[in-house]
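Some spaces inside a protein model are called cavities and others pockets. The questions below ask what lies behind those words.

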Amino acid sequence: MPQEYQLPDRVYKYPFELIMMAYERRFPTCTMIPAFLGSETTYEHKSKDGAVYVIERRCKIDVEAPYLLKKMCGADYVYFVQKNTLNQRNRSLHIVATNETFSNRVKIKEECSYRPHPDNEEWTIFTQRATLHIISFFGIEAQVEKIGLKAYHKNIKKGKEIIMHYINELAEEGITTAPRWKAPAFLPESDNPNHTNGHLTDSDDSFASADEENIEVIYKLDSDYINTHLGELSPMEECSIIQLAKRMKQTFEKIPDERVLLRFLRARNFDIEKSREMLIKSMAWRKQYNIDSHLQFWVPPPLIEKYLPGCWHRADKDGRPVYILRLGHLDIKGVLRGVGEEALLRHALYICEQGIDKTRSVPQISTWTLLIDLEGLNLRHLWAPARMVMHRFTEVMEQNYPETLGVVLIVQAPRLFPLAWTLVKSFINENTRRKCLVYAGNDYLEEDGIHEYIHREDIPDFLGGPCQCDITIEGLVPRELYTISTEDVLENASGLKSLYTNVTMKKGEMHEVTMEADVDTVITWDFDTVLGELQFTISYRKYNESHCNSSLAGLVQMAGITHASTSSPSDGYTDSIVADGVVETYKEGDSVQGSYYVRQPGTYVLSWCNTTPATSPVSFNAKTPSQKATFLYSIEVIEPKDYVGSVSSLTSSFSNLSTSGISWNSSSVASWNSMVSR
C-alpha cells in the first residue's frame with residue numbers, strides 16, 4: 001500500500017524572486033547535503049517570452065544503507081529524475097522528482113512548490129509531499145522503507161537551512177532584492193499569453209498549471225504555527241499530524257486541533273490508523289457524555305469540595321500547570337460511600353478538562369504536572385473498590401486524555417508504598433509509569449528532588465516551601481454522610497463483587513481461610529463487618545505429627561487457599577498467633593484493611609469468630625437474629641516475584657487510621673499491618 005507523507009507549509013519572509021535565486025545555487029551540487037553527489041541536465045526548455053522555464057536533471061544520491069544491502073541490490077548509488085517548471089508569470093515553481101533506480105520495484109514521487117504567500121505577496125510559501133510504494137524488494141521491503149524514510153527526513157530537515165544559507169550568501173554579495181518578470185514589449189501574436197484563443201500557446205505552461213492543481217492539499221499546516229504552538233518536531237511527526245488530520249477530515253467536518261492530534265499520535269507511536277481509531281472512539285465518548293460542556297455545567301457535590309484535598313497550584317519550570325493531590329489525606333472509602341463512583345469519576349474528568357483548558361493559553365505546552373503527596377498513606381487507601389475506581393479512571397484517562405501528563409511527582413512515599421504500587425501498577429501503562437518519579441521520606445528536599453521541576457519559591461508550605469497552598473485537610477468523612485453501603489459499592493463496581501465473599505455465622509461459629517505461603521510473600525486482607533461483632537486474627541498452623549499426611553493438609557497444599565466455616569477447632573493441628581499479631585474485636589460498620597509479611601514458610605490461617613453479645617441490639621437493616629454476624633471479605637496473596645520494591649520494608653512499618661484523623665508511625669517495627677475505620 002502506498003505511503004503518503006506531507007509536511008507543513010514552510011514560510012520564507014522573502015519575495016519569490018529572491019528565493020528562486022537562492023534555490024538555483026543548490027545546483028549542480030550542494031555541499032550542505034552530503035548525500036547529494038551531483039546532477040546533470042538532461043532536458044531544458046524556455047518559452048519564447050521567457051516566462052516559463054522547464055529543466056530536467058538526473059541527480060545522484062548516496063543513500064545511507066548497510067554494505068550488505070547495497071551489495072545484494074547491486075547499486076552503490078540511487079538516481080532520481082527531477083523536473084522543475086518555473087512560471088515567472090504566475091510566480092510559481094513546481095518540482096516533481098521520481099526515482100530511476102529500482103523503479104520496477106519501488107515507486108517514489110515527491111512534489112514540491114514555491115509560490116507567493118496568500119496573505120503577503122512579499123513572502124514565499126513552500127509545500128512538499130511525497131509518496132512511497134514498495135512493490136517488492138527481495139523480501140526486505142520493511143528495511144528498505146525504513147532506510148528510505150530515514151534518508152528522506154534527514155534531507156528535508158535541512159531544506160530551510162539551505163535556502164537561508166544562500167539567502168545570506170546573496171546578502172553578503174549585496175543582493176537583497178530581485179526584479180519581477182515583465183512581459184516583453186513586442187511579442188508575436190502566437191506567443192502572446194493574452195491572445196484571444198484563451199490559453200497559453202506554450203505547452204509547458206499548460207503542464208505547469210495542471211501539475212499545480214494536482215498538488216492542492218485538503219489540509220495545510222504552517223511550520224511557523226508548529227514552532228510557536230507545538231514546539232520542535234521531527235519531519236516525521238509534522239508529517240503524521242497532517243496525515244492524521246486529512247484522514248479525520250474524510251469522515252468529520254470539524255476535527256480537534258493539532259495539539260490533540262499530536263497527543264493521540266504520541267500515544268500510538270505515530271501509527272496513523274491506530275491514532276485515528278483511538279481518536280474517533282474518544283470523540284464518540286465525548287459526545288455521548290457531553291464532555292465538551294463539562295467545565296461549564298459540572299458542579300462538584302459539597303462532600304467532594306470539602307473532603308477532596310487537591311487544587312491547581314501555579315506552574316512548573318517548563319510552564320506546565322501543576323495539580324496537587326494530597327492522596328494520603330483522602331478518605332477514599334468515605335468519599336465513595338458518600339457520593340458514589342460516578343460522581344467521583346465525573347469530578348476527576350472535570351480536573352482533566354481544567355488541565356487541558358489551562359494548557360491552551362501557554363504556547364508549546366500540552367501537558368500538565370501532577371504532584372501526589374502520600375503523607376498518611378495507609379491500607380485504607382488499598383480498599384479494593386477504591387482500586388477498581390482508580391482502574392476505571394486510569395482507563396478513561398489513557399483512552400481519552402493520552403499524553404496529558406508531563407510528569408508525576410510522588411513525594412513523602414511511606415514504607416507501605418511498595419505494596420501499594422504492586423497492587424495498582426498493573427493497570428497503569430508503561431508510558432505513564434515512566435513519567436512517575438517517587439521520593440521516599442524527605443528525599444524530595446534533596447538537590448535532585450522536586451526542585452528540578454518546580455521553582456523553590458513555588459514549593460507548597462506543607463512540603464517545607466514558602467508558597468501557601470490552598471488545601472484544607474478535613475479528615476474522615478463522617479458516617480452520617482454515607483449514602484451508599486459497602487454492598488452497594490460492590491454491586492455497582494463491574495467485576496468487583498466476585499472478589500468478595502459474603503459470610504454469615506451463628507454465635508460462636510468461626511470462619512477460616514487457610515493458605516500456603518513462602519518466605520517474602522505478602523498476605524493482604526480487606527473486610528467489612530456488616531452485622532454483629534467479630535474477632536479477627538492471623539495464625540501460623542502447625543500440623544501434629546500424626547496428621548502430617550492427612551487429607552486436610554493435602555487439600556491445603558493442592559488448593560492453595562481454602563475457605564471453611566467451623567464451630568470448633570480440630571485437634572489435628574496447632575494454631576499460633578503470628579508475631580506482632582493480636583486478636584482484635586470489630587463492631588458493625590467497621591472496615592478493616594491489613595497485610596502480613598511472611599517470614600516463615602508454611603500454612604497460615606485468617607480467622608473470624610462471631611462474638612456478638614446476646615444483648616446486642618438488632619440493626620435497623622438486619623433481617624437475621626441479633627446474635628448472627630455477617631461480613632464481607634477479600635484476600636490477596638502477593639508472591640515475591642510480583643512484588644515491587646523491598647518487601648522487608650513492611651517489617652518496619654505500622655499504620656493506623658482512627659476517627660480523629662490519619663496518623664503514621666514509622667518507628668514501630670511490625671510485620672502485621674492492620675487498621676480499622678469506624
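The questions and answers that follow concern the cavities and the largest pocket of this predicted model.

Q: How many cavities of 30 Å³ or more are there?
A: The count comes to 6 cavities of that volume or more.

Q: What makes the second largest of them a cavity rather than a pocket?
A: A cavity is a set of points where a 1.4 Å probe fits but cannot get out, whereas a pocket is open. The second largest cavity, with a volume of about 120 Å³, is counted under the closed case.

Q: Which residues line the second largest cavity closest to its centre?
A: Of its 15 lining residues, Leu382, Arg387, Thr524, Trp525 and Asp526 are the closest to the centre. The elements α14 (384-400), β15 (522-531), β20 (591-597) and β22 (629-638) each give at least two residues to this lining. By class, the lining has 8 nonpolar, 4 polar and 3 charged residues.

Q: Why do Leu370 and Met390 count as lining residues of the largest pocket?
A: A lining residue has an atom within 4 Å of a point of the space. Leu370 and Met390 are among the 50 residues that line the pocket, so each meets that cut-off. Both also belong to the group nearest its centre, together with Ile372, Phe393 and Thr394. The space in this pocket is about 1,300 Å³.

Q: Which element supplies the largest share of the lining of the largest pocket?
A: That is α14, with 10 residues. Other elements that supply at least two residues include α13 (341-360) and β11 (405-413).

Q: How do the lining residues of the largest pocket divide by class?
A: They comprise 35 nonpolar, 8 polar and 7 charged residues. Leu and Met count as nonpolar, so Leu370 and Met390 fall in the nonpolar class.

Definitions and conventions
Residues are numbered from 1 along each chain as its sequence is written. This is a predicted model: local features need pLDDT of at least 70, side-chain atom pairs count only at pLDDT 80 or more; totals for chains, interfaces and linings use all residues. Side-chain values use heavy atoms; hydrogens and water are left out. On a 1 Å grid over the protein atoms alone, a cavity is a set of points where a 1.4 Å probe fits but cannot get out, and a pocket is an open set with protein on both sides within 12 Å along at least five of seven lines; lining residues have an atom within 4 Å of a point. Grid points are joined across faces, edges and corners, and a volume is the space filled by probe spheres set on the points. Helices (H or I, at least four residues) and strands (E, at least two) are DSSP runs, numbered from the N terminus.
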